[in-house]
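Student: I am new to this structure and would like a close look at a single part of it. Could you take one residue and then place it in its surroundings?

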Amino acid sequence: MIVSDDEYLDFKSVPESKGIPPALVRVAAVGLVIIFLIGASVCLMSGFGHHWPADTTLRVPLDNP
């Protein structure tokens, strides 16, 4: 089988990575900001709408008549 020299892999140098694309860094930063904003909104809104102990809770007598 005859194979040309172009089909062989060249291991003379190691290819260099171009690194992380800048757009991916921006998207990740925006995602982290959104995650922290949602967490902050959950923490800040968690106190609203809770009345404890409620005046209308069911009071069940524990003694058997």
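**A close look at one residue**

Tutor: In this predicted model, Ile38 has a relative accessibility of 51%, and it counts as exposed because the cut-off for that class is over 50%. Ile38 belongs to helix 1, which covers residues 22-45, and on the surface Ile38 joins Val30, Ile34 and Val42 in a nonpolar patch whose members together have about 360 Å² of accessible area.

The helix that carries Ile38 consists of 24 residues and reaches 35 Å from its first C-alpha to its last, which is close to the 34 Å expected at 1.5 Å a residue. Helix 1 is hardly covered, since the count of buried residues among its 24 residues is 0.

Turning to the whole chain, there are 1 helix and 0 strands, and buried residues make up 0% of the 65 residues. The chain exposes about 7,200 Å², with carbon and sulfur atoms supplying 68% of that area. Ile38 is thus an exposed residue of a nonpolar surface patch, set in a helix with a buried count of 0.

Terms used:
Residues are numbered from 1 along each chain as its sequence is written. This is a predicted model: local features need pLDDT of at least 70, side-chain atom pairs count only at pLDDT 80 or more; totals for chains, interfaces and linings use all residues. Side-chain values use heavy atoms; hydrogens and water are left out. Patches are made of residues with over 30% relative accessible area and no salt bridge: like charges are joined within 9 Å, nonpolar side chains (Val, Leu, Ile, Met, Phe, Trp, Tyr) within 5 Å. Accessible areas come from the Shrake-Rupley method with a 1.4 Å probe; for residues, only the protein chains shown count as cover. A salt bridge is a side-chain nitrogen of Lys or Arg within 4 Å of a carboxyl oxygen of Asp or Glu. Helices (H or I, at least four residues) and strands (E, at least two) are DSSP runs, numbered from the N terminus. Buried means under 20% relative accessible area, exposed over 50%, partly exposed in between (1.4 Å probe, protein chains only). The expected span of a helix is 1.5 Å times one less than its number of residues.
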